[in-house]
Amino acid sequence: MKEFHIVSTGVSLIINAQRKNVIESDIKIADENKWKLLLENPQTIEKLKDFIRQNPRQSCAELNTLLRVIEGKDYDNIEVYLFGTNTNSNELARRAIESYLKEIGIKLYNPYEVSGYFSEAQFDEEYAKDEFKKGIVELLDRLISIANKKVNEGYYVYFNPTGGLKAHVITCALAGFLVNCDIYYMNEEFNKVVFLPKLFYLPKGKEIEILKTLSKEEVISGEDAKSLFNKYNDELIRLEIYGLVDIERDKEVYRLRITSKGKFILRNLVF
């Protein structure tokens, strides 16, 4: 099956390369002018790409997660979408990662940049804050739109919020939850990629009626619980997966109750 990976991209490649003296180590990430000079030098991209080739997983957080998830798969069926901030350091990192991914046979979706604060803050700090907030809203809308488009084209869509600014990481993960796609993540202390549990779901149809029924009682138990579960097996299991109901079982279901999350979702549904 074709896969589409949406990857929040930060500057871990740049920081790691600085630590190894692959590129100048004394340039601060916020120094847009100096990064612009490096970005305009084709040799910088080649140095970074050579650095990636030596150990792709250790070179940066984005490749550390992505390459683990696609290991052993047919790269012809994989497309990657890197998005990052509108800063020279981030663009430098993305160009090097993109170049490496193309080199190993992975297709790239057109990149997208959101406000990175540093470039705008050179001129006006208030303007920079406004642009940053506006960029987050636009980013969420764009990620949801792209994910839905790719799902409709027959892709299995993944979200990778490992790298990037915290606000962009949160937005990336939120988009994944909203469109019900798999989200994977890897902290530098982890040994394996973690797939996040399903945290967000909007119930519909019979599921809403079940939540209304459960909300009228503190708990439904015994034969009543068993009967309700047998009648709405699929719906209750789905609600359990998303943490909207608790189902207690022994050999059979013996207790059902709506969770605090379920009550919150039910209160805020618009009919």
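**Exercise 1. Place Leu196 in the chain and decide how far its side chain is open to the surroundings.**

Solution. Leu196 sits in the loop that joins strand E7 (194-195) to helix H10 (206-215), in what is a predicted model. The relative accessible area of Leu196 is 30%, and since buried means under 20% and exposed means over 50%, Leu196 is classed as partly exposed. As a last step, look at the neighbours on the surface: Phe190, Val194 and Leu196 make a nonpolar surface patch of about 200 Å².

**Exercise 2. Find how the rings of Phe4 and Tyr109 are arranged, and say which parts of the chain the pair links.**

Solution. Begin with the whole structure, in which a search finds 10 aromatic pairs. For Phe4 and Tyr109, the ring centres are 5.4 Å apart and the planes stand at 90°; because planes over 60 degrees apart count as edge-to-face, this pair is edge-to-face. Next, locate the two residues: Phe4 belongs to strand E1 (residues 3-8), while Tyr109 lies in the loop between strand E3 (107-108) and strand E4 (112-114), so that the pair links distant parts of the chain, 105 residues apart. Both Phe4 and Tyr109 are buried, and together with Tyr81, Phe83 and Tyr155 they form one aromatic cluster.

**Exercise 3. Carry out the analysis for Tyr158 and Tyr184, and decide whether each is buried or exposed.**

Solution. The ring centres of Tyr158 and Tyr184 are 6.0 Å apart and their planes meet at 65°, so this pair is edge-to-face. Tyr158 is in strand E5 (residues 156-160) and Tyr184 in strand E6 (residues 182-185), which puts the partners 26 residues apart in distant parts of the chain. Tyr158 has a relative accessibility of 9% and counts as buried, and Tyr184, at 0%, counts as buried too.

**Exercise 4. Work out which residues of helix H13 are buried, where they lie around the helix axis, and what covers them.**

Solution. In helix H13 (residues 260-268), the buried residues include Gly262, Ile265 and Leu266. Viewed down the axis of H13, the buried residues fall within an arc of 100°, and therefore they line one face of the helix. The face turned away from that buried side carries Ser260 and Arg267, which are exposed. Finally, the cover over the buried residues of H13 includes H10 and strand E10 (253-258).

Methods: Residues numbered from 1 in each chain as written. Predicted model: local features only at pLDDT ≥ 70, side-chain atom pairs only at ≥ 80, totals over all residues. Heavy atoms only, no water. Patch = residues over 30% accessible without salt bridge, like charges linked within 9 Å, V, L, I, M, F, W, Y side chains within 5 Å. Areas by Shrake-Rupley, 256 points an atom, 1.4 Å probe, with all protein chains shown as cover. Salt bridge = Lys/Arg side-chain N within 4 Å of Asp/Glu carboxyl O. Helix = DSSP H or I, 4+ residues; strand = E, 2+ residues; numbered from the N terminus. Buried < 20%, exposed > 50% of the residue type's maximum accessible area, 1.4 Å probe, protein only. Phe/Tyr/Trp six-rings, centres within 6.5 Å; stacked < 30°, edge-to-face > 60°. Arc of directions from axis to C-beta. Contact = heavy atoms within 4.5 Å.
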